[in-house]
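Okay, my turn. Let me put the structure up on the screen, and then we'll walk through one part of it together.

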Amino acid sequence: YLLLCLIVVASLGIDVTSIVALASVLTLAISLSLQNALSNIFGGFTLLYTKPFASGDFVEIAGQSGTVKEVGLTYTKLSTVDNKTVSIPNSSVVAAQIVNYTTAGTRRVDIKVSASYDAPVEKVLEVLGQAGSVDTVLPDKAPFAAVSSYEDSAICYLLQVWCKSSDYWTTTCQVNQRIKACFDENGIAMTYPHLNV
């Protein structure tokens with residue numbers, strides 16, 4: 001209809017050059033202003049088609065981590081562990097690396113600790129295995145402990161345990177608490193840098 005009107009006006013002998021120029025500028029301005037919105041909408045369709053996560057999954061997207069609350073047409077909303085709502089544009093979500101911690105159902109907890117050079121390595125490994133035996137750890141995957149490095153003032157150890165994804169934070173806190181208690185019971189000292197003056 002717009003083109004028909006322009007043709008009729010031009011046939012009446014009226015100069016439509018300025019009208020066409022104005023319409024071109026307006027069209028360009030509108031398309032530029034809608035560019036981000038359209039890319040977010042296309043990103044939303046991409047997410048709905050590929051389904052890298054679902055509502056309720058714990059994910060890390062573009063440096064933000066939290067539980068997916070909503071996958072909208074233009075924004076994806078996350079609820080962080082400290083109860084904040086983060087809205088990420090879908091165009092950024094599609095372009096970012098997405099880490100989904102929920103889909104596998106299980107998750108590994110990695111805890112690094114240090115112990116004195118005076119403590120026998122075998123004893124420390126045995127105690128770490130005991131500390132990793134909490135209720136939320138999966139029974140079919142035994143805790144794994146190993147020496148990770150030798151530092152200036154301590155030997156560093158790595159303790160790995162497996163749990164359900166929903167029990168990750170509970171397991172991490174329980175194992176950390178048990179490590180200190182088990183070390184104290186067995187006389188193993190956690191070292192820290194000292195400065196002798």
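So, strand β8, residues 155-164: eight of its ten residues are buried, so the strand is mostly covered. Keep in mind that this is a predicted model.

Who sits beside β8? On the pairing side we've got β6, residues 106-115, which runs antiparallel to β8 over ten bridges. If you want a spot to click on, V109 is opposite V161 in β8.

Then there's β7, residues 144-150, also antiparallel to β8, with six bridges joining the two. Here the pair to look at is V147, which stands opposite Y157 in β8. And to get from β7 to β8, the chain makes a hairpin through four residues.

Right, on to the packing. Generally speaking, nonpolar side chains in soluble globular proteins tend to be buried together. In this model the largest nonpolar core has 23 residues, and V124, L128, I179 and F183 are the ones with the most contacts inside it. The elements giving two or more residues to that core are β6, β8, and two helices, α5 (121-131) and α6 (168-185).

Let's zoom in on L128. What does L128 touch, once we leave aside its neighbours within four places in sequence? The list is V113, A145, Y157, L159, I179 and F183. Y157 we've already met, as the residue in β8 opposite V147.

Last thing: there's another core, lying apart from the largest one. That one has nine residues, including V59, V68, V86 and I88.

Okay, that's me done, happy to rotate the view for anyone.

Methods. Residues numbered from 1 in each chain as written. Predicted model: local features only at pLDDT ≥ 70, side-chain atom pairs only at ≥ 80, totals over all residues. Heavy atoms only, no water. Buried < 20%, exposed > 50% of the residue type's maximum accessible area, 1.4 Å probe, protein only. Pairing = 2+ DSSP bridges. Core = buried A, V, L, I, M, F, W, Y, C linked by side-chain atoms within 4.5 Å. Contact = heavy atoms within 4.5 Å.
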